[in-house]
Amino acid sequence: MGNVDCVYPSGMNVESANRVEVPPPQPFSKSLKYSLKETFFPDDPLRRFKNQTASKRLVIGLQYFFPIFEWGPRYTFQFLKSDLIAGITIASLAIPQGISYAKLANLPPILGLYSSFIPPLIYAMMGSSRDLAVGTVAVGSLLMGSMLSNEVNPNENPKLFLHLAFTATFFAGVLQAALGLFRLGFIVDFLSHATIVGFMGGAATVVCLQQLKSILGLEHFTHGADLVSVMRSVFSQTHQWRWESAVLGCCFIFFLLVTRYFSKKQPRFFWVSAMAPLTSVILGSLLVYFTHAEKHGVQVIGELKKGLNPPSLTHLVFVSPYMTTAIKTGLVVGIIALAEGIAVGRSFAMFKNYHIDGNKEMIAIGTMNIVGSFTSCYLTTGPFSRSAVNYNAGCKTAVSNIVMSIAVMLTLLFLTPLFHYTPLVVLSAIIVSAMLGLIDYQAAIHLWKVDKFDFVVCMSAYIGVVFGSVEIGLVIAVAISVLRVLLFVARPRTHVLGNIPNSVIYRNVEQYPNAKHVSGILILQIDAPIYFANASYLRERITRWIDEEEDRIKTAGETSLQYVIMDMSAVGNIDTSGISMLEEVKKIADRRGLQLVLVNPGSEVMKKLNKSKVQEHIGQKWIYLTVEEAVGACNFMLHACKPNPRKDESEGWNNV
């Protein structure tokens with residue numbers, strides 16, 4: 001049928017048409033070098049060092065790891081005024097949030113202030129984002145607290161728990177810095193947008209539920225983070241609920257939500273929302289002090305140690321079995337913190353139209369956590385809420401972090417006694433108001449409208465966190481995301497192409513219902529590289545396409561099928577399993593009397609087809625640059641050539 005001898009008339013010679021060329025051979029070392037460069041150095045960070053003197057290279061290298069030396073010499077007084085305002089504004093938010101989040105991690109409240117002093121200074125020197133405001137985060141605090149609590153009870157052994165927190169922070173920093181140094185930042189990309197939306201929403205829900213302990217004034221509460229455990233703990237102690245604490249908590253939550261709503265509606269009054277947490281702390285402390293509410297069931301922070309961060313290098317735990325727990329916790333919270341910090345930094349960089357280096361950010365965030373673990377700090381990154389305030393306050397550079405750090409330092413040196421009467425319920429109100437902003441239901445609705453599978457990933461993460469644990473939710477979400485990647489690879493899309501009327505354009509017949517099948521020709525398009533994971537599927541799918549096309553032709557009474565054209569424009573690469581698949585498809589086509597035609601194989605594909613001799617078996621004249629050329633040649637042979645009953649051209653190939 002398709003395998004015929006044809007004598008071409010003058011001017012019509014397939015061999016003289018544009019041919020798909022085999023790329024010139026390259027040494028394996030060169031190909032490997034190119035692949036490694038594209039994997040680990042897509043941004044070509046060494047291009048700045050080309051054609052530079054040794055001294056200039058030293059300066060450029062110093063600027064790469066410490067960007068402050070690059071923008072510092074250009075710093076102006078106008079920048080300082082903006083950064084000063086932004087720094088003071090975020091400090092007013094960082095102080096109450098730091099205390100609140102440390103409590104969330106089952107750590108002494110003072111650690112929240114320690115962690116808002118040293119890490120921002122490190123980031124200001126090494127970070128490439130102008131808008132990221134460094135500090136502790138609720139999700140990371142919750143995750144660290146819950147994972148370490150599985151091994152050590154923070155109430156029974158608070159000293160060991162504290163030391164494990166420092167150790168976990170150290171390992172988180174080592175992981176983050178290593179990912180940046182070894183250019184492995186693409187690992188973070190496995191946390192898809194849908195995963196982060198669901199995970200953050202679930203973690204925020206759990207955090208809000210756990211604040212019921214302070215809001216209701218309960219002294220004993222479950223260590224479980226799931227919804228069932230929290231609800232059981234709350235409703236089994238109804239006789240211990242404190243109405244005074246509940247009323248105070250609801251009032252402050254209402255106040256914080258109203259100020260945030262007002263600032264969102266009136267962006268120029270952003271400072272109202274930013275100052276609200278500190279205002280709540282001051283009002284709550286004054287209320288407790290003058291009414292002696294601590295004697296009526298309203299719990300307070302108590303004494304906070306005055307002074308700067310004490311060293312904690314000697315407190316790191318490197319003994320079994322606790323070291324294993326610290327490593328596991330550090331790896332998990334490190335990845336989450338890194339994903340949040342880089343995502344926030346990139347978001348604000350996009351708003352201001354500048355670029356941040358993801359690998360450089362990893363090194364900066366990792367270094368600040370390593371140094372932080374030596375100076376009584378726990379996990380820090382760039383939280384969205386604080387960075388948004390920094391952005392809205394008009395920050396120009398990372399100096400706003402230095403200003404915030406100085407404000408926290410002054411607080412540690414002189415103002416910590418003022419927090420003695422701060423009610424815990426106010427801290428819970430601050431956490432709840434911040435967490436409600438992380439439950440992004442609008443993003444979930446958008447996922448449902450655009451991509452149902454992404455919505456499933458999002459809800460799996462949310463349900464896993466809320467009804468299981470933070471770790472379970474994270475594992476489920478990542479597992480489903482990886483499964484989706486594997487499905488994309490293992491089950492690539494194949495389409496039947498048809499001709500758009502009155503044109504030479506060929507498109508998917510499902511997407512374009514007016515596209516017409518070409519008589520006697522089946523045109524298929526493969527939309528992915530051909531690897532061992534999908535080779536078997538593609539062979540079966542192509543065979544099924546042929547069967548379905550022959551059935552359709554038989555039903556419609558059209559000309560019998562004679563040519564199978566495979567558009568390989570989207571096939572970027574192929575392995576030996578894929579080559580074997582093409583060989584098998586060729587044999588299947590020959591057994592049915594069909595001719596296999598390839599269109600536009602890429603350079604890597606042509607190189608391997610040539611080396612494996614598959615190109616010779618298919619025949620150079622059956623490989624075309626465009627679908628239009630292939631269809632034209634096939635149509636010419638269908639209508640102008642007479643079948644020759646000689647032996648099939650590929651009979652020898654069939655007998656291999």
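**Exercise 1. A salt bridge in a helix**

Which residue forms a salt bridge with Glu604, and how far apart are the closest N and O atoms?

Solution. The model is predicted.
- Step 1: find the partner. Glu604 pairs with Lys607 in a salt bridge, and the closest N and O atoms are 3.2 Å apart.
- Step 2: place the pair. Both Glu604 and Lys607 belong to helix H24 (residues 603–611). They sit three residues apart, about one turn of the helix.
- Step 3: classify Glu604. Its relative accessible area is 29%, so Glu604 is partly exposed.
- Step 4: classify Lys607. The cut-off for buried is under 20% relative accessible area. Lys607 has 12% relative accessibility and therefore counts as buried.

**Exercise 2. A second pair in a helix**

Locate the salt bridge of Glu548 and state the accessibility of both partners.

Solution.
- Step 1: the side chain of Glu548 meets that of Arg544 in a salt bridge, at 3.7 Å from N to O.
- Step 2: helix H22 (residues 532–556) holds both Glu548 and Arg544. The spacing is four residues, about one turn of the helix.
- Step 3: Glu548 is partly exposed because its relative accessible area is 34%. Arg544, at 41% relative accessibility, is also partly exposed.

**Exercise 3. A salt bridge across the chain**

Find the partner of Asp131 and decide how the pair sits in the chain.

Solution.
- Step 1: Asp131 forms a salt bridge with Lys352. The closest N and O atoms are 2.7 Å apart.
- Step 2: this pair links distant parts of the chain, 221 residues apart. Asp131 is in the loop between helix H6 (118–126) and helix H7 (138–149). Lys352 is in helix H14 (residues 322–352).
- Step 3: Asp131 has 0% relative accessibility, so Asp131 counts as buried. Lys352 has 28% and therefore counts as partly exposed.
- Step 4: set the pair in context. The structure holds 12 salt bridges. Asp451, Asp454 and Arg484 are linked in a network of such bridges.

**Exercise 4. Helix packing**

Describe how helices H4 and H13 pack, and list the residues that meet.

Solution.
- Step 1: choose the descriptors. Two packed helices are described by the angle between their axes and by the distance between those axes.
- Step 2: apply them. H4 (residues 77–104) and H13 (residues 270–291) pack at an angle of about 40°, with axes 8 Å apart.
- Step 3: give the hand. The crossing of H4 and H13 is left-handed.
- Step 4: list the contacts. H4 contributes Thr89, Ser92, Leu93 and Pro96. From H13 come Phe270, Ala274, Met275, Pro277, Leu278 and Val281.

**Exercise 5. Backbone checks**

Identify a cis peptide bond and two residues other than glycine with positive phi.

Solution.
- Step 1: recall the background. Most residues other than glycine have a negative phi, and most peptide bonds are trans.
- Step 2: check omega. The bond from Ser320 to Pro321 is cis, with omega near 0°. Pro321 lies in the loop between H13 and H14.
- Step 3: check phi of Asn106. The value is near 65°. Asn106 sits in the loop between H4 and helix H5 (110–114). With a relative accessible area of 34%, Asn106 is partly exposed.
- Step 4: check phi of Lys613. The value is near 70°. Lys613 sits in the loop between H24 and helix H25 (614–618). At 44% relative accessibility, Lys613 counts as partly exposed.

**Exercise 6. A buried glycine and a surface patch**

Is Gly498 buried or exposed? Which residues form a nonpolar patch with Ile406?

Solution.
- Step 1: Gly498 lies in strand S1 (residues 494–499). At 0% relative accessibility, Gly498 counts as buried.
- Step 2: leaving out residues up to four places away in sequence, Gly498 touches Ile505, Tyr506, Arg507, Val509, Ala515 and Lys516. The C-alpha atoms of Gly498 and Pro513 are 9.0 Å apart.
- Step 3: turn to the patch. Ile406 joins Leu410, Phe414, Leu415 and Leu418 on the surface, and together they have about 500 Å² of accessible area.
- Step 4: Ile406 is in helix H17 (residues 399–415). Its relative accessibility is 41%, so Ile406 counts as partly exposed.

**Exercise 7. The whole protein**

State the fold inventory, the extent and the surface.

Solution.
- Step 1: the protein has 27 helices and six strands.
- Step 2: the C-alpha trace spans about 105 × 70 × 55 Å along its principal axes.
- Step 3: the accessible surface is about 30,900 Å², and 63% of it belongs to carbon and sulfur atoms. Of the 656 residues, 51% count as buried.

Definitions and conventions:
Residues numbered from 1 in each chain as written. Predicted model: local features only at pLDDT ≥ 70, side-chain atom pairs only at ≥ 80, totals over all residues. Heavy atoms only, no water. Patch = residues over 30% accessible without salt bridge, like charges linked within 9 Å, V, L, I, M, F, W, Y side chains within 5 Å. Areas by Shrake-Rupley, 256 points an atom, 1.4 Å probe, with all protein chains shown as cover. Salt bridge = Lys/Arg side-chain N within 4 Å of Asp/Glu carboxyl O. Helix = DSSP H or I, 4+ residues; strand = E, 2+ residues; numbered from the N terminus. Buried < 20%, exposed > 50% of the residue type's maximum accessible area, 1.4 Å probe, protein only. Axes fitted to C-alpha atoms, helices over the stretch in contact; angles between N-to-C directions. Left-handed = near helix turned anticlockwise from the far one by under 90°. Contact = heavy atoms within 4.5 Å.
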